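Have your viewer ready and the cartoon view switched on. We will go from one selection to the next, with a note on what to look for at each stop.

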Amino acid sequence: MDKFSGRRSEALSPLTRHHHHALVIALNLRRAGSNETYSFNRVQQDLKEFWEEGGQDHFQQEEEILLPLFSRFASLEQDDIIRMLLQHVQIRAAVGLLLNNPEANVDIMHHLGELLADHVHLEENRVFPMIEQTIPEEELHQLTFHQGITETDRSFSHAREDRARQAQRDNSRLDSDTIEGSSTEA
Ligand SMILES: [Fe+2]
Ligand SMILES: [Fe+2]
């Protein structure tokens, strides 16, 4: 049982659970190049798995399901929503570069790691609470997300998560990566 979901509506909890994985990947990305465990190739493989097995689906569902519903009850033209969507583009661009461009390097990984963690914090701390307050509960409860998001819990490599968690325990600096008082550990 994850620790974010206690204060998250059931409707949004699949996305919140998936944010755990995003934070683990963000941690890996920021550690890229620091030692053999976080070599460019291994972190790139982690990123590829994350992105193809739920990551891009997650972004798509926020854009195609969540925000269109939100737009029925409030304006999309507000700073947090604009920033969220801008970050989607920036993250897609960096992921595309890292997975497809032979000139990609650890600096881009570090940049993406910061961006991804920042994005999760923006959604968890600002956007999702606003959505929960704005969309009427009966509408929120009808939200369903595709299988891609919920499957990720099972498909994500536990070995990689364990490795990232160990690194997290080893580095108290990364305590600031948690979502407002919650640990990133499930
Ligand atoms: Fe998200
Ligand atoms: Fe997002």
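Start by selecting H1: 16 of its 19 residues are buried, so this helix is largely enclosed by the rest of the structure. A residue is called buried here if 20 or more other C-beta atoms lie within 10 Å of its own, exposed if 12 or fewer, and partly exposed in between, with C-beta atoms placed from the backbone. Helices (H or I, at least four residues) and strands (E, at least two) are DSSP runs, numbered from the N terminus.

Before moving on, a word on what you have loaded. This is a predicted model, in which local features need pLDDT of at least 70 and side-chain atom pairs count only at pLDDT 80 or more, while totals for chains, interfaces and linings use all residues. Residues are numbered from 1 along each chain as its sequence is written, and chains are lettered from A and ligands numbered from 1 in the order in which they are written.

**Along H1**

Stay with H1 and set a distance between its end C-alpha atoms: the helix has 19 residues and reaches 28 Å, close to the 27 Å expected at 1.5 Å a residue. That expected span is 1.5 Å times one less than the number of residues.

Now pick histidine 19, which sits in H1. Is histidine 19 buried or exposed? It counts as buried, because it has 26 C-beta neighbours inside 10 Å. Add histidine 119 to the selection: the two residues are 100 apart along the chain, yet their C-alpha atoms are separated by 9.6 Å.

Further along H1 (residues 13–31) comes leucine 27. Leucine 27 is buried too, because 22 other C-beta atoms lie within 10 Å. Its C-alpha is 9.0 Å from that of histidine 110, 83 residues away along the chain.

Just past the helix, click on glycine 33, which follows H1 and has a positive phi near 85°. Then go to serine 39, in the loop between H1 and H2. Serine 39 is partly exposed, because 14 other C-beta atoms lie within 10 Å.

**Into the core**

Next, show side chains for Ile25, Ala26, Leu29, Leu47, Leu112 and Leu116. In the largest nonpolar core, which has 23 residues, these touch the most other members. A nonpolar core is a set of buried Ala, Val, Leu, Ile, Met, Phe, Trp, Tyr and Cys residues joined through C-beta atoms within 7 Å. Two or more residues come from each of H1, helix H2 (40–71), helix H3 (79–100) and helix H4 (106–134). Which element gives the most to this core? H1 does, with 7 residues.

Zoom in on isoleucine 25. Leaving aside neighbours within four places in sequence, isoleucine 25 is in contact (C-beta atoms, placed from the backbone, within 7 Å) with Asp46, Leu47, Phe50 and Leu116. A second, separate core has 11 residues, among them Leu12, Leu15, Ile81 and Phe128.

**Two bent helices**

Colour H2 on its own. H2 has 32 residues, but its end C-alpha atoms are only 40 Å apart, short of the 46 Å that a straight helix would reach at 1.5 Å a residue. Centre the view on tryptophan 51 to find a kink of about 55° in H2; the bend at a residue is the angle between axes fitted to the seven residues ending there and the seven starting there. The buried residues of H2 include Phe50, Trp51, Gly54 and Gly55.

Swing over to H4, which bends by about 40° at glutamate 123. H4 has 29 residues and reaches 40 Å between its end C-alpha atoms, close to the 42 Å expected at 1.5 Å a residue.

**A stop in H3**

Select glutamine 87 in helix H3. Glutamine 87 counts as partly exposed, because it has 18 C-beta neighbours inside 10 Å. Not counting residues up to four places away in sequence, glutamine 87 touches Leu115 and His119.

**Stepping back**

Zoom out to take in the protein's 7 helices and 0 strands. Of its 186 residues, 33% count as buried.

Finally, colour by pLDDT, the predictor's confidence in each residue, from 0 to 100. The protein averages 85, and 75% of the residues score at least 70. Confidence is highest in H3, at a mean of 98, and lowest in helix H6 (residues 147–155), at 52. Over residues 181–186 the pLDDT is below 50. Where pLDDT is low, the predicted coordinates should not be read in detail.

How values were computed. Two residues are in contact if their C-beta atoms, placed from the backbone, lie within 7 Å.
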